[in-house]
Amino acid sequence: MNLKKLGIIIQREYLNKVKKKSFLLTTFGVPILIAGIYAVMLFVMLKAEGDSKRIAVIDNSGIVMEKLEDTKLVTFKQLSETDPEAVKNRLGEYDADILLYISPLDSATKSVTATTYADKPMGMETAEVIERRINDAVEAYRIDSYDIPGLEQIMEDVHFNIHLTSYTVDEEGKETISQSEVYMIVSMVLAMALYMFIALFSGMVMSSVIEEKTSRVVEVLVSSVKSTELMFGKIIGVALVALTQFLLWIVLTGLIIGIVGGIIGMDKITGTLSQNQVETMPGMTSMNDAMGNTLSMEQLQALTDTTAVAEGPTGMEAVLGTLGSLNYTQLIVSFLLFFLFGYLLYASLFAAIGSAVENEADTQQLQLPVTIPLLLGFFIAFYAFRAPESTIVWWGSMIPFTSPIVMLARLPFGVPMWELILSIGLLILTFFACAWASAKIYKVGILMYGKKSTFKDLWKWLKQK
């Protein structure tokens with residue numbers, strides 16, 4: 001293989017791709033889109049509030065209404081009627097959005113049944129508020145029925161929520177905090193990013209091959225260079241385009257998100273996140289704090305301090321501690337290696353498919369056996385978040401056609417170095433084998449016209465010397 005000619009082909013392919021309007025559009029458009037989604041999420045989190053629902057209540061139990069306190073989300077109004085049939089079709093006359101009917105108290109079970117009627121389905125948040133209020137009322141009634149002085153206070157004192165704090169211990173005995181949810185998110189991001197890049201840029205190689213074959217440009221090119229040089233030059237050129245676009249996405253997305261965060265105010269974002277975290281903490285005295293009323297800063301601080309003592313590291317400390325414990329050097333190097341050789345593996349296969357057809361409509365049959373392992377690896381990666389050491393995940397991280405995605409999904413949870421090296425080694429060997437086979441198919445198929453190729457034809461070209 002002539003390295004000088006290969007370099008010329010790589011340069012041609014690279015410059016041809018980066019000068020296209022589509023490249024510039026996706027390179028600068030994707031970070032803006034990501035930052036826009038991020039900004040919208042922050043805006044919704046900071047500003048959006050659900051419309052307050054007016055709830056008319058028919059309480060035949062005599063124990064629930066006193067527990068139905070108004071919040072920003074819902075307001076309650078007791079009706080004198082006892083039959084819901086007389087009200088449910090005339091909610092507008094009662095200035096209500098929802099009718100809540102509470103049945104008479106069942107003395108045997110010491111409970112009630114609750115039913116709502118409305119013109120439109122109510123949101124989950126509203127339903128949760130109503131259910132919690134009714135549950136509080138029934139619990140209070142049952143506690144009172146025991147007629148034990150101070151029982152309610154005793155129940156509150158007994159109730160406690162334990163938060164599990166996890167640490168990983170290395171061979172030297174060093175402890176680092178580990179939050180499984182953080183590992184899951186990192187795994188998901190790595191797996192999805194790799195799947196997207198391999199599928200996107202391998203498909204770009206196939207489209208480029210078909211385009212040159214259809215326009216007959218390839219006939220001029222193969223008269224000056226070998227077909228294998230043309231194929232690998234195209235694959236490597238697109239790989240450089242992918243890396244360029246990937247790095248620009250990281251830089252531009254970080255820059256735009258930083259600007260958006262500066263405009264909105266990171267203090268405001270952090271404060272909102274802290275309040276949301278506190279409002280969902282266990283140990284609230286009533287659901288009214290979590291679902292409706294705005295707590296004062298003193299109350300927030302007191303709750304945070306109490307929770308921190310009871311639970312150890314706070315949520316943000318656990319997240320930051322987990323992120324700090326990750327081996328970023330291993331993650332970055334592994335991502336680049338799996339992306340590079342995973343892309344080269346699939347790109348060589350897609351290049352062979354592109355050489356065997358004359359238009360993209362004919363690629364469906366030949367493309368299916370290649371895309372199925374890629375999709376399978378993506379689905380196994382989602383299972384890896386729950387059971388990173390399971391048998392199917394282990395084999396998925398070793399089989400070269402699925403290992404780029406699955407191994408990256410396993411990596412944040414900790415993978416022995418020998419498994420990582422074995423997985424990368426098998427991937428490289430498989431790439432060389434597939435590249436050799438694809439080159440033989442490419443050499444024949446790139447000059448074949450007028451016939452729709454089949455798997456039988458590919459096998460015949462593969463056996464040619």
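This briefing covers a surface charge patch, a set of aromatic pairs and one residue in helix α5. The model is predicted. Six acidic side chains are not treated one by one here; E66 serves as the example from the negative patch. Among the aromatic residues, F335 and F339 get the closest look.

**Negative patch**
- E66, D144, D147, E152, E156 and D157 form a patch of negative charge on the surface.
- Helix α4, residues 151-158, supplies three residues, the largest share of this patch.
- E66 sits in the loop that runs between β1 (53-59) and β2 (74-78).
- The relative accessible area of E66 is 62%, so E66 counts as exposed, the cut-off being over 50%.

**Aromatic pairs**
- There are 11 aromatic pairs in the structure.
- In one of them, the ring centres of F335 and F339 are 6.4 Å apart and the planes meet at 5°.
- That pair is stacked because planes under 30 degrees apart count as such.
- Helix α12 (residues 328-355) carries both F335 and F339.
- The two are four residues apart, about one turn of the helix.
- F335 and F339 are both buried.
- A cluster linked by ring pairs takes in F197, F201, F335, F339 and Y343.

**L200**
- L200 belongs to helix α5, residues 180-214.
- Its relative accessibility is 40%, so L200 is partly exposed.
- L200 and A242 are 42 residues apart along the chain.
- Their C-alpha atoms are separated by 9.1 Å.

Note on methods:
Residues numbered from 1 in each chain as written. Predicted model: local features only at pLDDT ≥ 70, side-chain atom pairs only at ≥ 80, totals over all residues. Heavy atoms only, no water. Patch = residues over 30% accessible without salt bridge, like charges linked within 9 Å, V, L, I, M, F, W, Y side chains within 5 Å. Areas by Shrake-Rupley, 256 points an atom, 1.4 Å probe, with all protein chains shown as cover. Salt bridge = Lys/Arg side-chain N within 4 Å of Asp/Glu carboxyl O. Lys, Arg positive; Asp, Glu negative; His and termini not counted. Charge placed at Lys NZ, Arg CZ, Asp CG, Glu CD. Buried < 20%, exposed > 50% of the residue type's maximum accessible area, 1.4 Å probe, protein only. Phe/Tyr/Trp six-rings, centres within 6.5 Å; stacked < 30°, edge-to-face > 60°.
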